[in-house]
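Good morning, and thank you for coming. I should like to take you through one structure, beginning with a single backbone position and working outwards to the core.

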Amino acid sequence: MSVRPWSPETARRCVDGAWADIAFELGLLYEREGDLGQAVRWFRHAAECDRPGAAVRLSSALTRLADERAAGAGEELLAEASRWLSEGVDATRPDSIRLITDMLDRHQRAAARRGLEPAGAN
């Protein structure tokens, strides 16, 4: 029996669901420990491999990470969270509906803030 050498580079090819499951579990571990940066990293790997539930967890973690950033600095994270929610997420699930609604509210508030800034602020 031949043994295939393992490395993160070969595992990321999403050959089977094992890599996505491992990445998802690592995301959960980091999320529980409060390290949202690492949680986002691992949830992103799992979502790229189409692991069920990973895109929703990734969007949630990105949103919370954006909240930790200074005003305006988290907009890129919110944009990525929105992309993950709009691509292939089952929008009928209650957690997806909650995140989509929250994301729309956040974008509206950010647009309102931009509208209130003085013209020379950018």
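Let me begin at Gly 34, which lies just after helix α2 and takes a positive phi of about 85°. Please keep in mind throughout that this is a predicted model.

The helix that precedes this glycine, α2, covers residues 17-33. Its 17 residues reach 24 Å from the first C-alpha to the last, close to the 24 Å expected at 1.5 Å a residue. Which residues of α2 are buried? They are Trp 19, Ala 20, Ala 23, Phe 24, Gly 27, Leu 28 and Glu 31. As a general point, an α-helix has 3.6 residues a turn, so residues three or four places apart point the same way.

Before I follow those side chains, a word on the whole protein. There are six helices and zero strands, and from the N terminus on the order of elements is α-α-α-α-α-α. Of the 122 residues, 34% count as buried. The accessible surface comes to about 7,800 Å², and carbon and sulfur atoms account for 54% of that area. Among contacts with a separation of 6 or more, 49% are between residues 24 or more positions apart.

I turn now to the aromatic side chains. How many aromatic pairs does the model contain? The count comes to two. One of them joins Trp 19 and Trp 42 in an edge-to-face arrangement, at 5.7 Å centre to centre and with 65° between the planes. Since Trp 19 belongs to helix α2 and Trp 42 to helix α3 (residues 36-48), this pair ties together parts that are 23 residues apart in sequence. Both partners are covered: Trp 19 counts as buried at 6% relative accessibility, and Trp 42 is buried with a relative accessible area of 11%.

Phe 24 and Phe 43 form an aromatic pair as well, and this one is tilted, with 5.5 Å between centres and 55° between the planes. Here too the partners come from α2 and α3, so the pair ties together parts that are 19 residues apart in sequence. Phe 24 is buried, with a relative accessible area of 8%, while the value for Phe 43, also buried, is 0%. Phe 24 has a further partner: the charged end of Arg 51 sits over its ring, 3.8 Å from the centre.

These two phenylalanines lead us to the core. The largest nonpolar core holds 28 residues, and those touching the most other members are Phe 24, Val 40, Phe 43, Ala 47, Leu 58, Leu 62 and Trp 84. Two or more residues of this core come from each of α2, α3, α4, α5 (75-86) and α6 (94-116). Which element gives the most to this core? That is α4, with eight residues.

Helix α4 therefore deserves a closer look. It spans residues 54-68, and its 15 residues reach 21 Å, close to the 21 Å expected at 1.5 Å a residue. The helix is mostly covered, with 11 of its 15 residues buried. Among those buried residues are Leu 58, Leu 62 and Leu 65, together with polar ones such as Ser 59, Ser 60 and Thr 63.

I close with Leu 62. Leaving aside residues up to four places away in sequence, Leu 62 touches Val 40, Arg 44, Leu 77, Glu 80, Ala 81 and Trp 84. Thank you; I welcome your questions.

Notes: Residues are numbered from 1 along each chain as its sequence is written. This is a predicted model: local features need pLDDT of at least 70, side-chain atom pairs count only at pLDDT 80 or more; totals for chains, interfaces and linings use all residues. Side-chain values use heavy atoms; hydrogens and water are left out. Helices (H or I, at least four residues) and strands (E, at least two) are DSSP runs, numbered from the N terminus. The expected span of a helix is 1.5 Å times one less than its number of residues. Buried means under 20% relative accessible area, exposed over 50%, partly exposed in between (1.4 Å probe, protein chains only). Rings of Phe, Tyr and Trp (its six-membered ring) pair if their centres lie within 6.5 Å; planes under 30 degrees apart count as stacked, over 60 as edge-to-face and the rest as tilted. A charge sits over a ring if NZ of Lys or CZ of Arg is within 6 Å of the ring centre and within 35 degrees of the ring normal. Contact means heavy atoms within 4.5 Å. Accessible areas come from the Shrake-Rupley method with a 1.4 Å probe; for residues, only the protein chains shown count as cover. A nonpolar core is a set of buried Ala, Val, Leu, Ile, Met, Phe, Trp, Tyr and Cys residues joined through side-chain atoms within 4.5 Å.
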